[in-house]
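This briefing introduces a protein model to a reader who is new to structural work. Please look at the sequence and the structure before reading the points that follow.

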Amino acid sequence: MKSAIYPGSFDPVTYGHLDVIKRSANIFDELTVCVSYNVMKSSLFSVEERVKMLKEATKDLPNVKVDSFSGLTIDYAKEKNVHVIVRGLRAITDFEYELQIAQTNHKLSGGELDTMFLTTALEYAYLSSSSVKEIAYFNGDISPCVPDFVAKEIYNKYHGNNK
């Protein structure tokens, strides 16, 4: 069985993330979406809230699991006996950053961990979790960016209502 992990903060999950998840699920027998706890980032949603949203967003994909972890991705991959990381790319700037991480993971894993890059569909290339949060903070329309139930959670965090 060929399996992979797709790690990220997913704060919040966007249609761009879901595009990468769905396409990866077509490539691998099993895909685990891993919500990371990163002490270096200030998150809008707790890890538990992000896991819950991702489970809802991927409920129709039978070969997709959602999990969470803290620490190094290579340690999580080794624990789960997974040898492929999936990462999405929107632009060349993403590639420069992701390439460095991929090379570091490969080296630190003793060559046991490879990274597969998928370019995000053009219709989602503009999306980032940061921009979605900023638009929502100013009460803009984020319906083209995230599923409705995610939008409601974001608006609730910022405005105490379900817009």
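A salt bridge is a side-chain nitrogen of Lys or Arg within 4 Å of a carboxyl oxygen of Asp or Glu. One such contact joins Asp94 and Arg90, with 3.0 Å from N to O. The model described here is predicted. Its salt bridges, its cysteines and its largest pocket are treated in turn below.

**Salt bridges**

- Asp94 and Arg90, the partners in the salt bridge of 3.0 Å, fall into separate exposure classes. Asp94 has a relative accessible area of 16% and is therefore buried, because buried means under 20%. Arg90, at 37% relative accessibility, counts as partly exposed.
- Asp67, Glu79 and Lys80 are joined into one network by salt bridges that share partners.
- In total, the structure contains nine salt bridges.
- Lys133 and Asp11 form one of these contacts, with 3.1 Å from N to O. This pair connects distant parts of the chain, since Lys133 lies in helix α5 and Asp11 in the loop between β1 and α1, 122 residues apart.
- Both side chains of that pair belong to buried residues: Lys133 has a relative accessible area of 15%, and Asp11 is at 4%.
- Arg23 and Asp19 also form a salt bridge, and their closest N and O atoms are 2.9 Å apart. Both residues belong to helix α1, where they are four residues apart, about one turn of the helix.
- Asp19 is buried at a relative accessible area of 12%, whereas Arg23 counts as partly exposed at 30%.

**Cysteines**

- The structure has zero disulfides.
- Cys34 counts as buried, with 0% relative accessibility.
- Cys145 counts as buried as well, with 4% relative accessibility.

**The largest pocket**

- The largest pocket has a volume of about 1,200 Å³.
- Its lining consists of 44 residues, and Gly8, Ser9, Lys41, Arg87 and Glu98 lie nearest the centre of the pocket.
- Several helices and strands each supply at least two lining residues, among them the strands β1 (3-8), β2 (30-37) and β4 (84-89) and the helices α1 (15-27) and α5 (129-137).
- Which element gives the most to the lining of the largest pocket? Helix α4 does, with eight residues.
- Sorted by class, the lining of the largest pocket comprises 16 nonpolar, 20 polar and eight charged residues.

Technical notes: Residues numbered from 1 in each chain as written. Predicted model: local features only at pLDDT ≥ 70, side-chain atom pairs only at ≥ 80, totals over all residues. Heavy atoms only, no water. 1 Å grid on protein atoms, 1.4 Å probe; cavity = no way out; pocket = protein on both sides within 12 Å on 5 of 7 lines; lining within 4 Å. Points joined across faces, edges and corners; volume = space filled by probe spheres on them. Nonpolar A, V, L, I, M, F, W, Y, C, P; charged D, E, K, R; others polar. Disulfide = S-S within 2.5 Å. Buried < 20%, exposed > 50% of the residue type's maximum accessible area, 1.4 Å probe, protein only.
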